[in-house]
Amino acid sequence: MIELREETDGRLSRGYGGDTFNTAAYLARLGTQTDYITALGDDSWSDELIAAWNAEGVGTQRVLRLPGRLPGLYIIQTDPKGERRFSYWRETAAARLLFQAPEAQDIIEAIGGYDLVYLSGISLSLYGESGRERLFDVLGDARSKGRRVAFDTNFRPRGWPDLDTARAAFRQTFECADIFLASTEDLDLLFGSNGAEELLTFSDRAEIVLKYPDLTCRVLSQGEDIVVPGKPAEDVVDTTAAGDSFAAAYLNARLCGESPQSAAAAGHGLAGQVVRYRGAIIPREAMP
C-alpha cells in the first residue's frame with residue numbers, strides 16, 4: 001500500500017508498506033531470495049511501488065497489473081510513546097482481486113514452486129470467501145509438493161464482516177500451515193481469553209512462535225518449548241512493522257539453519273531497531 005505518515009506538525013510524508021510486504025522487504029535485505037505476489041494497478045503510484053520494491057531486491061515478476069485499479073493506502077498516526085494507529089483506504093485496492101482475476105492464473109500456479117510461502121491474517125481478509133478457497137487449494141497443493149507455509153496471525157477486526165467468518169478462515173489456515181508467527185494479543189482478540197490454546201493444539205506437527213505483551217517469545221518446535229525474552233527498545237518512535245520485521249529476521253535465520261532460539265533473538269534485534277524509526281521500512285543504513 002501507499003503509506004502516509006503524519007508528522008508532528010500535521011504534514012504527511014509518503015512511503016509504502018503493508019504487513020506481508022514489510023516482511024518480504026526485510027527478508028530481502030537479510031539475504032533471502034524473495035518474491036512478492038500481489039496485484040497493483042496501471043497507475044503511476046503502482047509504477048513507483050514496483051520501482052521501489054525492485055530497489056529493495058524484492059522480486060516483482062509475479063505482481064499482477066490490473067488496468068483501471070489503484071493500490072491501497074493507509075495513514076499512520078503515533079502517540080507520544082510511539083504506539084501507532086492505522087487508517088485504511090483499500091476497499092477497491094487491486095490486491096483484493098489477486099485470486100479472482102483470470103489474468104492471475106499463471107501467478108497463482110507458480111506459488112507452489114516456492115520453498116516457503118508466507119501470508120498473514122490480513123492476507124486472508126483481503127480475498128473474500130471465494131478467493132480464500134482458491135488460496136487454500138494453492139497452499140494445499142504447495143504442501144503436497146513438500147513446500148512449507150508460514151502464517152502470521154496479524155488479526156485486524158475491521159477487515160472482517162464478523163468474527164465467525166474470521167475464526168473459520170483462521171482455523172482453516174491453521175490446518176495448512178507449518179510455521180506460525182502469532183501473538184497472544186491477536187489470538188485473544190479473535191478467539192477470546194486463552195485464545196492461544198486454539199493454536200497450541202498444532203504444536204505436535206508445526207513450529208509455533210508465540211509472542212506475549214511483555215516481549216517474551218515462546219517457541220515450540222520439534223518437541224522443545226523455549227522461552228526467549230526480549231528487551232524494551234530505547235527511543236521508540238513508531239511501532240509500525242515491529243512484528244513484520246521480527247517475522248523476517250526469524251524466518252531468515254531458520255532458513256539459514258539457525259536454531260529457533262537464535263532465530264527469535266534475531267527477530268527481537270531487528271524489531272528493536274525498526275521501532276526507532278518512522279514508517280514501516282527503515283533506512284537501509286539503519287539495518288542492524
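In this predicted model, S183 stands opposite K211 in strand 10. That pair is a good place to start, as it belongs to the contact between strand 9 (residues 179–183) and strand 10, which pair in the parallel sense over 5 bridges. Strands of a sheet pair through backbone hydrogen bonds, and the pairing may be parallel or antiparallel. Both kinds occur around strand 10: with strand 11 (residues 217–221), strand 10 pairs in the antiparallel sense over 4 bridges. Here V209 stands opposite V219 in strand 11. Strand 10 and strand 11 make a hairpin with 5 residues between the strands, and in this hairpin L215 takes a positive phi near 75°.

The surroundings of strand 10 can also be described residue by residue. Strand 10 (residues 207–211) is mostly covered, with 5 of its 5 residues buried. In a regular strand, side chains alternate between the two faces of the sheet. Strand 10 can be read in this light: E207, V209 and K211 point one way, while I208 and L210 point the other way. The residues on both sides are buried, the charged-looking letters E207 and K211 included.

A second sheet lies earlier in the chain. Its 4 strands form an open sheet in the order 2-1-5-6, with mixed pairing. Strand 2 (12–16) and strand 6 (84–89) stand at the edges; each has a single partner strand, so one side of each is left without a neighbour in the sheet. On average, neighbouring strands of this sheet are turned by 25° against each other, direction ignored. Within the sheet, strand 1 (residues 2–6) and strand 5 (residues 73–78) run parallel and are joined by 4 bridges. In this pairing L4 stands opposite I75 in strand 5. Helix 2 (residues 44–56) lies across strand 1 and strand 2, and runs at about 65° to strand 2.

Finally, helix 8 can be followed along its length. Helix 8 (residues 242–255) has 14 residues and reaches 20 Å from its first C-alpha to its last, close to the 20 Å expected at 1.5 Å a residue. Helix 8 is mostly covered, as 10 of its 14 residues are buried. The buried residues are D244, S245, F246, A247, A248, A249, Y250, L251, N252 and A253. Just after helix 8, G257 takes a positive phi of about 90°.

Note on methods
Residues numbered from 1 in each chain as written. Predicted model: local features only at pLDDT ≥ 70, side-chain atom pairs only at ≥ 80, totals over all residues. Heavy atoms only, no water. Buried < 20%, exposed > 50% of the residue type's maximum accessible area, 1.4 Å probe, protein only. Helix = DSSP H or I, 4+ residues; strand = E, 2+ residues; numbered from the N terminus. Pairing = 2+ DSSP bridges. Expected span 1.5 Å × (residues − 1). Axes fitted to C-alpha atoms, helices over the stretch in contact; angles between N-to-C directions. Contact = heavy atoms within 4.5 Å.
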